[in-house]
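Subject: A structure for you to explore

Hi there,

Here is the structure I promised to pass on to you. Have a look around it first, and then read my notes below.

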Amino acid sequence: MFQIRRRYVVMIVGLALVLFIAGNLYLLDQREKSVTTVGEAAVPASTDNWGLSFQTEGEAPVGNASVSDLARYDAYYLGDTSKKVIYLTFDCGYENGYTEKILDALKKHNAPAAFFVVGNMIETAPDIIRRMADEGHVVGNHTFNHPDMSAISEQAAFQKELDDLAALYQETTGKELPRFYRPPQGKYSEENLKQAQALGYRTILWSLAYVDWYVDNQPTAEQAYAKLLPRIHDGAIVLLHSTSKTNADILDELLTKWEDMGYTFASLYDLPAQTR
């Protein structure tokens, strides 16, 4: 009788252990499914940083939001990928003595570009801003104060950052600011994309950039070419910083190298129409 009872106890304990393991495996499976679902969100509803994954040399990288999902908000990170065309863009937080040399190189190659500027750039270098406009470049909105826009949820506060910059540009040049917007530091949210769209802006991200913004630790020309030449691709929206001495020094030769690879340069106004 004692052996039978002992056998039943062992069976009950074993069954309980099996059920416990099965239950935990089920919960783990559900958690993994939940993580996968969140990870596949094309345009995260919460704060995110724009990011790229370069998977094949010479081909467009994969962004952490797709072309089609960004298109819902009039946002781009790629241009016309059916042509060997490059869209040059520069972020201009302040004047560091190199922007005019960059403009000289662009003029030599008859290459249009977009300069995303902040309030400080217009206030301290109005003649350069006017030159950008006079030479046919796009001057885009990088906000007045360069804050983390993804932390701004109210439309009025979001709009003020863009409106203040647009008003200063018009006061300085007598022209209306083109409706292209780039979020500072690439920090954005789905709500930000909607906010910019509601104001008539196209949000411009990028498909190629490199670490060029540390003014006291500039890459060599060789290091710059090692990033910018093999990763160039059809329809690339290239982000460079106008504060970079390296960019100013190499831009003429860089544009020549890209031209030798068969590329031409286009304005953001030439971006293809999107299918939402």
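How many bridges join strand S5 to strand S12, and do the two run parallel or antiparallel? S5 is joined to S12 (residues 264-265) by two bridges, and the strands run parallel. Before going on, please keep in mind that this is a predicted model.

**Strand S5 and its partners**

S5 covers residues 85-92, and eight of its eight residues are buried. The covering is found on both faces of the strand. On one side the buried residues are Val-85, Tyr-87, Thr-89 and Asp-91, and on the other they are Ile-86, Leu-88, Phe-90 and Cys-92.

You can follow the pairing residue by residue. Ile-86 has Phe-265 as its bridge partner in S12. With strand S11 (residues 236-241), S5 forms six bridges, again in the parallel sense. In that pairing, His-241 of S11 stands opposite Asp-91. Strand S6 (residues 113-117) also runs parallel to S5, joined by five bridges, and Val-117 in S6 is the bridge partner of Cys-92. To get from S5 to S6, the chain passes through helix H3 (residues 99-108), making a right-handed β-α-β crossover.

**The largest pocket**

Next, turn to the largest pocket, which holds about 540 Å³ of space. Its lining has 24 residues, and those closest to the centre are Asp-91, Gln-185, Trp-213, Leu-239 and His-241. You have met two of these names already: Asp-91 and His-241 stand opposite each other in the pairing of S5 with S11. S5 and S11 are also the elements that give two or more residues to the pocket lining. Sorted by class, the lining is made of 14 nonpolar, eight polar and two charged residues.

**Helix H5**

Helix H5 spans residues 126-134, and its buried residues are Ile-128, Ile-129, Arg-131, Met-132 and Ala-133. What do they pack against? Their neighbours are S5, H3, S6, helix H4 (119-124), strand S7 (138-141) and helix H6 (155-173). After H5 comes Gly-136, with a positive phi near 85 degrees.

**Two residues with a positive phi**

Most residues other than glycine have a negative phi, so two loop residues may catch your eye. Asn-110 has a phi near 55 degrees and lies in the loop between H3 and S6. His-146 has a phi near 60 degrees and lies in the loop between S7 and H6. Is each of them buried, partly exposed or exposed? Asn-110 counts as exposed because its relative accessibility is 69%, which is over the 50% cut-off. His-146 counts as partly exposed because its value is 32%, between the cut-offs of 20% and 50%.

**Tyr-225**

One more residue to find is Tyr-225, in helix H8 (residues 221-228). Its relative accessibility is 12%, so Tyr-225 counts as buried. Which residues is Tyr-225 in contact with, leaving aside neighbours within four places in sequence? They are Pro-230, Ile-250, Glu-253, Leu-254 and Lys-257. Of these, Glu-253 is 28 residues from Tyr-225 in sequence, and the two are 10.0 Å apart in space, C-alpha to C-alpha.

Enjoy exploring, and write back with any questions!

Best wishes

Notes
Residues are numbered from 1 along each chain as its sequence is written. This is a predicted model: local features need pLDDT of at least 70, side-chain atom pairs count only at pLDDT 80 or more; totals for chains, interfaces and linings use all residues. Side-chain values use heavy atoms; hydrogens and water are left out. Buried means under 20% relative accessible area, exposed over 50%, partly exposed in between (1.4 Å probe, protein chains only). Helices (H or I, at least four residues) and strands (E, at least two) are DSSP runs, numbered from the N terminus. Two strands pair if DSSP finds at least two bridges between them. A crossover is right-handed if, with the strands pointing away from the viewer, the path from the first strand over the helix to the second runs clockwise. On a 1 Å grid over the protein atoms alone, a cavity is a set of points where a 1.4 Å probe fits but cannot get out, and a pocket is an open set with protein on both sides within 12 Å along at least five of seven lines; lining residues have an atom within 4 Å of a point. Grid points are joined across faces, edges and corners, and a volume is the space filled by probe spheres set on the points. Ala, Val, Leu, Ile, Met, Phe, Trp, Tyr, Cys and Pro count as nonpolar, Asp, Glu, Lys and Arg as charged, and the others, Gly among them, as polar. Contact means heavy atoms within 4.5 Å.
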